[in-house]
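Visitor: Could you take me slowly through one part of this protein, the largest pocket and what surrounds it? I am in my first year, so please explain each term as you use it.

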Amino acid sequence: MKTFSVPTKEEVAPANQAIFENLQKALGFVPNLYATIAHSENGLSRYLAFQGAKTSLSNKEKEAVNLIVSQVNGCVYCQSAHLVLGKMNGFSEDQLLDIRKGKSADAKLNALVQLAAEVAENKGRASSETVDAFFENGYTNENLVDLILQVSDKTAMNFLHNLTQIPVDFPLAPALD
């Protein structure tokens, strides 16, 4: 199979070079997966606009969805990144481990994580019990739509890494028991 490389700033289109500079200023580096998206002249700007769009989910909820979807999809890159981002958004190591296992001690977050996991595992489908639990825990139709959009965001990145296998530039996520 073809080996994929992470492009340098000089190897991408001028519009992506400007995005690389902005990422460097904001994050201190350009994550390898973002750089890989820059193989497409318009892909990186499209993805960042989608990722950064307003949502009804909190940053903490988004990270929980990102982590469980990455776990379901077996994406080591995204698991590793979202463990770091999860900690930055207030999750403890134990809470992050629980989310990777598809659960949370917080009932509302548990309903979100379980629905996200089922949607990812079952190509957009979930049991009526899981959907009902989501709504019974205070989520709305708006939250459901935003959850599906978050799952789709993360699934795209999981698939990109799973296919390209570019190097992980975060501390590696430990394997689950």
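Guide: What follows starts with the largest pocket, then turns to the second largest pocket and the nonpolar cores.

This is a predicted model, in which local features need pLDDT of at least 70 and side-chain atom pairs count only at pLDDT 80 or more, while totals for chains, interfaces and linings use all residues. Residues are numbered from 1 along each chain as its sequence is written, and side-chain values use heavy atoms, with hydrogens and water left out.

A pocket is, on a 1 Å grid over the protein atoms alone, an open set of points where a 1.4 Å probe fits, with protein on both sides within 12 Å along at least five of seven lines, and its lining residues have an atom within 4 Å of a point. The largest pocket has a volume of about 570 Å³, where volume is the space filled by probe spheres set on the points, which are joined across faces, edges and corners. It is lined by 26 residues, of which Tyr 34, Gln 51, Glu 63, His 82 and Leu 85 are the closest to its centre. Two or more lining residues come from each of helix 1 (14-27), helix 2 (32-37), helix 3 (43-51), helix 4 (59-72), helix 5 (76-88) and helix 9 (141-164), a helix being a DSSP run of H or I with at least four residues, numbered from the N terminus. Helix 5 gives the largest share, seven residues. By class, the lining has 16 nonpolar, six polar and four charged residues; Ala, Val, Leu, Ile, Met, Phe, Trp, Tyr, Cys and Pro count as nonpolar, Asp, Glu, Lys and Arg as charged, and the others, Gly among them, as polar.

Helix 5 also supplies at least two residues to the lining of the second largest pocket, as does helix 6 (93-100). That second pocket has a volume of about 250 Å³, and among its 15 lining residues the closest to the centre are Leu 83, Lys 87, Glu 93, Arg 100 and Pro 174. Helix 6 gives the most to this lining, with five residues.

Helix 4 and helix 9, met in the largest pocket, also give two or more residues each to the largest nonpolar core, as do helix 6 and helix 7 (107-121). Such a core is a set of buried Ala, Val, Leu, Ile, Met, Phe, Trp, Tyr and Cys residues joined through side-chain atoms within 4.5 Å, and buried means under 20% relative accessible area, with a 1.4 Å probe and protein chains only. The core has 23 residues, and those with the most contacts inside it are Ile 99, Leu 112 and Leu 147.

Technical notes: Buried < 20%, exposed > 50% of the residue type's maximum accessible area, 1.4 Å probe, protein only.
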